[in-house]
Amino acid sequence: MFMKTFEEKWTAWIDDQLTGRELDEFEASLPDKAAAQAEKQSAKQLGSLLREQMAPVLNNAEFFSHQLRERLDREDRRSTARPVSTGWWTIRRLLWSGATALAIFVICAVVVIHNKPSPDQSEYLTQILNYRVDPAVSPNATITMFEKKDEHVTVLWVDGLQSLPPEYAAK
Amino acid sequence: MERRALLFIAIFAIALSSSSVATRGDQTVWSGIVIASNSGPPEPTPTELTPLEGTLRQLFGYTRLHLIGEARKTLKSGQEDWLATTKYFALRVDARGQKDGAYVLNLKLLQENKVLLETDAQLSKASPLVIRGPQIGDGQLVIVLMVQ
């Protein structure tokens with residue numbers, strides 16, 4: 001056994017937990033037994049008052065604590081019962097999907113650019129770069145160049161060539 | 001998954017290459033020697049000239065278009081040359097490559113052995129070239145070149 005301090009003995013005395021010889025020795029050690037008895041009564045009254053006032057609060061605390069524990073248990077059970085889902089979008093699939101989408105975009109872009117009509121097919125007319133007649137053969141020849149833009153036709157109009165007889169129209 | 005993606009890309013690549021082959025097709029230059037006149041029996045306008053029939057009639061004032069010589073050349077290298085001939089005339093065409101999407105052509109209109117006219121033209125794919133030649137009888141010699 002080890003020796004109790006005065007404070008421990010005092011608490012035990014107030015709680016009526018000292019008995020026999022220990023009780024006698026403690027009460028004999030008190031300098032003013034009447035004042036101590038009054039203090040003991042006061043402490044007991046305070047204790048009973050606190051128990052009366054705090055009991056509902058403690059009951060509520062236990063109730064919420066119980067509910068919280070049950071909820072945690074339910075969630076634990078649910079999380080262990082739920083199958084582990086890995087998801088369809090794995091990194092590899094994401095990479096392949098991205099690469100495929102990029103390839104499709106590039107191919108479509110190339111096809112669109114490739115099939116775009118070139119400007120020469122829609123806008124530009126045939127151009128005459130230069131022309132010449134042999135003055136020895138056709139000394140009176142004159143050449144005019146013009147464009148019929150509505151019909152997209154370029155015309156090289158040669159005047160003054162020597163007229164020929166109808167037989168020159170033979171195949 | 002990887003195999004499917006590769007297959008998908010391969011199909012698109014094949015489609016792209018076939019499309020590019022189809023659109024890159026070689027083009028043909030048609031050259032014709034025509035007599036435009038108002039005389040002679042009526043005859044249908046040659047098929048090649050049908051798109052130009054109105055323009056030619058308006059230009060020359062003749063109603064009848066009679067094809068006396070023609071040549072059709074498919075250009076692959078753009079450096080080809082060819083000849084359209086009649087009994088007295090010849091049109092010699094010497095292709096000299098492409099420029100700005102058009103064929104650069106050197107044309108010589110020959111009457112027997114004489115060069116009546118020489119010209120360099122840049123023949124656009126959507127724009128025919130019409131050359132007015134000499135008067136023949138009561139008609140007109142007309143040269144037409146077009147990309148088909």
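Which polar contact joins the side chains of E27(A) and K33(A), and what is its distance? In this predicted model, the two side chains are joined by a polar contact of 3.4 Å, and the first view begins there.

**View 1. The surroundings of E27(A) in helix α2 of chain A.** E27(A) has its place in helix α2 of chain A, and its side chain makes a polar contact of 3.4 Å with the side chain of K33(A). When the neighbours within four places in sequence are left aside, the residues in contact with E27(A) are W13(A), K33(A) and Q37(A).

**View 2. The salt bridge between D16(A) and K40(A).** Side chains of opposite charge can pair when their charged atoms come close. The closest N and O atoms of D16(A) and K40(A) are 2.6 Å apart in their salt bridge. This pair links distant parts of the chain, since D16(A) lies in the loop between α1 (6-14) and α2 (20-29) of chain A, while K40(A), 24 residues apart from it, belongs to helix α3 (residues 33-81) of chain A. Over all chains, a search of the whole structure finds 15 salt bridges.

**View 3. The interface of chain B and chain A.** Here 56 residues of chain B are in contact with 51 residues of chain A, and the two chains bury about 4600 Å² between them, with 62% of that area on carbon and sulfur atoms. Three salt bridges are found across the interface, and D159(A) and R132(B) meet through their side chains in a salt bridge with an N to O distance of 2.7 Å. There are also 17 residue pairs in polar contact across the interface, with both residues at pLDDT 80 or more. On the side of chain B that touches chain A, at least two residues each come from α1 (2-23), β1 (27-37), α2 (53-60), β2 (64-75), β5 (102-111), β6 (114-123) and β7 (129-136) of chain B. The largest share of that side, 11 residues, is supplied by α1(B), and its residues divide into 29 nonpolar, 18 polar and nine charged.

**View 4. An open sheet of five strands drawn from both chains.** The strands follow the order β1(A)-β6(B)-β5(B)-β4(B)-β3(B), and their pairing is antiparallel. At the edges stand β1 (127-132) of chain A and β3 (81-85) of chain B, each with a single partner strand, so that one side of each is left without a neighbour in the sheet. From one strand to the next, the twist averages 20°. Within this sheet, strand β4 (residues 89-99) of chain B pairs with β5(B) in the antiparallel sense over nine bridges, and L91(B) has L109(B), in β5(B), as its bridge partner.

**View 5. An open sheet of six strands with mixed pairing.** The order is β2(A)-β3(A)-β7(B)-β8(B)-β1(B)-β2(B). The edge strands are β2 (142-148) of chain A and β2 of chain B, and because each has a single partner strand, one side of each is left without a neighbour in the sheet. The twist averages 20° from one strand to the next. The two chains meet where strand β3 (residues 153-159) of chain A and β7(B) pair in the parallel sense over four bridges, with L129(B) in β7(B) as the bridge partner of T154(A). Strand β8 (residues 139-147) of chain B and β7(B), by contrast, pair in the antiparallel sense over six bridges, and the bridge partner of I136(B) in β8(B) is G139(B).

Technical notes:
Residues are numbered from 1 along each chain as its sequence is written. Chains are lettered from A and ligands numbered from 1 in the order in which they are written. This is a predicted model: local features need pLDDT of at least 70, side-chain atom pairs count only at pLDDT 80 or more; totals for chains, interfaces and linings use all residues. Side-chain values use heavy atoms; hydrogens and water are left out. Contact means heavy atoms within 4.5 Å. Buried area is the accessible area (1.4 Å probe) that two parts lose on being put together, summed over both. A salt bridge is a side-chain nitrogen of Lys or Arg within 4 Å of a carboxyl oxygen of Asp or Glu. A polar contact is a pair of N or O atoms within 3.5 Å; within protein, one must be able to donate a hydrogen and the other to accept it, and residues adjacent in sequence count only if both atoms are side-chain atoms. Ala, Val, Leu, Ile, Met, Phe, Trp, Tyr, Cys and Pro count as nonpolar, Asp, Glu, Lys and Arg as charged, and the others, Gly among them, as polar. Two strands pair if DSSP finds at least two bridges between them. Axes are lines fitted to C-alpha atoms, for helices over the stretch in contact, and angles run from 0 to 180 degrees between N-to-C directions.
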